[in-house]
Amino acid sequence: MGFNLEEYYKQMVGFKIVGFKMDDEGIDSWPVFIVKKGAETLQMVVSRDQEGNGPGFMFIEDVKED
């Protein structure tokens with residue numbers, strides 16, 4: 001069975017974004033969100049792909065109501 005992306009991303013439910021930075025890696029800068037839930041603090045780094053081949057783009061959209 002392959003890697004389950006839905007389960008991977010669901011682990012972030014409940015975290016609150018508490019910070020943001022651009023991680024300067026030379027010619028490319030990576031968007032990095034600092035998130036916290038309880039005593040746990042993590043970084044969410046926006047990448048082009050699972051291999052980390054470069055920074056990516058994340059769409060920020062309104063939630064569409066059914």
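Rings of Phe, Tyr and Trp are taken to pair if their centres lie within 6.5 Å, and in this predicted model ring pairs of that kind link Phe3, Tyr8 and Tyr9 into a cluster. In total, the structure holds 4 aromatic pairs. Within the cluster, the rings of Tyr8 and Tyr9 have a centre-to-centre separation of 5.3 Å and an angle of 70 degrees between their planes, and the pair is therefore edge-to-face, given that planes over 60 degrees apart are assigned to that class. With regard to solvent, Tyr8 is partly exposed, at a relative accessibility of 41%, whereas Tyr9 is exposed, with a relative accessible area of 53%. A further aromatic pair, also edge-to-face, is formed by Phe57 and Phe59, with 5.0 Å from centre to centre and 80 degrees between the planes; both of these phenylalanines are exposed.

The secondary structure of the protein chain consists of 1 helix and 3 strands, which follow the pattern α-β-β-β when read along the sequence. The radius of gyration is 14 Å, well over the 11 Å that the globule rule gives for 66 residues, so the chain is more spread out than a compact globule. Taken along the principal axes, the box filled by the C-alpha atoms has dimensions of roughly 40 × 35 × 25 Å. Of the 66 residues, 15% count as buried, and the accessible surface of the chain comes to about 5,900 Å², with 54% of this area belonging to carbon and sulfur atoms. Among contacts between residues at least 6 apart in sequence, 19% join residues that are at least 24 apart.

Strand 2, which spans residues 28–37, pairs with strand 3, which spans residues 40–45, in the antiparallel sense over 6 bridges. The two strands form a hairpin with 2 residues between them, and Gly38, which lies in the turn, has a positive phi of about 65 degrees. Individual bridges in this pairing include that of Lys36, whose partner in strand 3 is Thr41, and that of Phe33, whose partner in strand 3 is Met44.

The largest nonpolar core of the model has 5 residues, namely Met12, Phe15, Phe33, Val35 and Val46. Of these core members, Val35 is placed in strand 2 and is buried, because its relative accessible area is 2% and the cut-off for burial is under 20%. When neighbours within four places in sequence are left aside, the contacts of Val35 comprise Met12, Phe15, Lys16, Ile17, Val18, Glu40, Thr41, Leu42 and Met44. Two of the residues in this contact set, Met12 and Phe15, are thus in contact with Val35 and also belong to the largest nonpolar core, while Thr41 and Met44, likewise in contact with Val35, are the strand 3 bridge partners of Lys36 and Phe33, respectively. Phe15, for its part, touches Val35, Lys36, Lys37, Glu40 and Leu42, again with residues up to four places away in sequence not counted. Glu40 and Leu42 accordingly appear among the contacts of Phe15 as well as among those of Val35. By contrast with these contacts, Val35 and Gly2, which are 33 residues apart in sequence, lie 27 Å apart in space from C-alpha to C-alpha.

Key
Residues are numbered from 1 along each chain as its sequence is written. This is a predicted model: local features need pLDDT of at least 70, side-chain atom pairs count only at pLDDT 80 or more; totals for chains, interfaces and linings use all residues. Side-chain values use heavy atoms; hydrogens and water are left out. A nonpolar core is a set of buried Ala, Val, Leu, Ile, Met, Phe, Trp, Tyr and Cys residues joined through side-chain atoms within 4.5 Å. Buried means under 20% relative accessible area, exposed over 50%, partly exposed in between (1.4 Å probe, protein chains only). Contact means heavy atoms within 4.5 Å. Two strands pair if DSSP finds at least two bridges between them. Helices (H or I, at least four residues) and strands (E, at least two) are DSSP runs, numbered from the N terminus. Rings of Phe, Tyr and Trp (its six-membered ring) pair if their centres lie within 6.5 Å; planes under 30 degrees apart count as stacked, over 60 as edge-to-face and the rest as tilted. The radius of gyration is taken over C-alpha atoms; the globule rule is 2.2 Å times the number of residues to the power 0.38. Accessible areas come from the Shrake-Rupley method with a 1.4 Å probe; for residues, only the protein chains shown count as cover.
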